[in-house]
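Dear colleague,

I am passing on the structure we talked about, and below it you will find my notes on what turned up in it. Please read them with the model open beside you.

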Amino acid sequence: VPVVGQFGADYRVGQGDVLEVYVYNEAELTQSYPVGPGGGITLPMVGRVQVIGNTTDEIRELLRKRLSEVIVNPFVTVSIDEAKSLRKVFVSGYVATKGPMMVPPNGSVRDAVISAEPEPRADLSQVRLTREGQPPLVIDLSGLTMDTPLGDPVPVEYGDVIYVPRIDDVISVLGEVNEPGALILPAGEELNVLQA
């Protein structure tokens with residue numbers, strides 16, 4: 001059975017996905033199975049099966065082989081439950097909502113930052129993505145607040161850490177002005193004293 005929605009036939013299952021397994025005439029085995037931190041699912045009568053990094057077709061074949069040991073000629077289908085599958089990411093820095101956040105599998109770093117509600121002094125041009133086993137990646141999301149193009153969205157993976165730094169380009173305006181106080185310099189722009 002082909003996978004529908006944003007999950008193509010070549011999509012590789014990751015942590016946070018929920019698999020819908022159907023085994024013909026076996027109600028006990030037909031259910032939803034979340035893929036846990038160890039990368040596997042646990043089925044009655046079969047035990048633990050490693051599924052992470054495999055396509056749904058490969059998982060179907062793995063399950064069919066394992067079930068063949070206890071069931072004669074099992075008919076198995078596997079699909080991904082898009083509504084239940086989530087990616088847990090962590091957002092910190094200059095955002096209103098810090099900490100763990102659940103993002104759909106088709107979600108991007110941009111989606112996570114928007115959901116976390118960047119503060120006025122957030123530097124969206126220097127958002128840092130840290131992913132296990134990879135060097136940090138700096139992503140420019142300044143187009144969210146300025147008239148600049150946004151690049152291609154960077155999809156999130158389970159366990160990503162997203163840090164939104166603060167803008168350091170701030171000047172203080174004092175004296176006989178309507179609104180004294182701190183003024184954030186627009187990214188990439190320079191102001192002279194009169195403009196400030």
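Glu157 counts as partly exposed, because its relative accessibility is 40%, whereas its salt-bridge partner Arg131 is buried, with a relative accessible area of 14%. Please keep in mind that this is a predicted model. The closest N and O atoms of Arg131 and Glu157 are 3.5 Å apart. Arg131 sits in the loop between strand S8 (127-130) and S9, and Glu157 in the loop between S9 and S10, so this salt bridge ties together parts of the chain that are 26 residues apart in sequence. The two residues also belong, together with Asp160, to one network of salt bridges that share partners.

Asp160 itself is found in the loop between strand S9 (137-139) and strand S10 (161-164), and since its relative accessibility is 0%, Asp160 counts as buried. Its side chain makes a polar contact of 2.7 Å with the side chain of Arg131. Beyond its neighbours within four places in sequence, Asp160 is in contact with several residues, among them Lys88, Val89, Phe90 and Pro155.

Salt bridges also occur elsewhere, and a search of the whole structure finds 7 of them. One of these joins the side chains of Glu58 and Arg12, with an N to O distance of 2.9 Å. This pair links distant parts of the chain, given that Glu58 is in helix H1 (residues 56-67) and Arg12 in the segment before strand S1 (18-23), 46 residues apart. Both partners are partly exposed, Glu58 at 33% relative accessibility and Arg12 with a relative accessible area of 43%.

Glu61 and Arg64 form another salt bridge, in which the closest N and O atoms are 2.8 Å apart; both residues lie in helix H1, 3 residues apart, which is about one turn of the helix. Here too the partners are partly exposed, with Glu61 at 29% relative accessibility and Arg64 at a relative accessible area of 32%.

As for the protein as a whole, there are 2 helices and 12 strands, and from the N terminus on the elements run β-β-β-β-α-β-β-β-α-β-β-β-β-β. Of its 196 residues, 36% count as buried, and the accessible surface comes to about 11600 Å², of which carbon and sulfur atoms make up 53%. Among contacts with a separation of 6 or more, 48% are between residues 24 or more positions apart.

With best wishes

Methods
Residues numbered from 1 in each chain as written. Predicted model: local features only at pLDDT ≥ 70, side-chain atom pairs only at ≥ 80, totals over all residues. Heavy atoms only, no water. Helix = DSSP H or I, 4+ residues; strand = E, 2+ residues; numbered from the N terminus. Buried < 20%, exposed > 50% of the residue type's maximum accessible area, 1.4 Å probe, protein only. Polar contact = N/O pair within 3.5 Å; in protein donor to acceptor, adjacent residues only side chain to side chain. Contact = heavy atoms within 4.5 Å. Areas by Shrake-Rupley, 256 points an atom, 1.4 Å probe, with all protein chains shown as cover. Salt bridge = Lys/Arg side-chain N within 4 Å of Asp/Glu carboxyl O.
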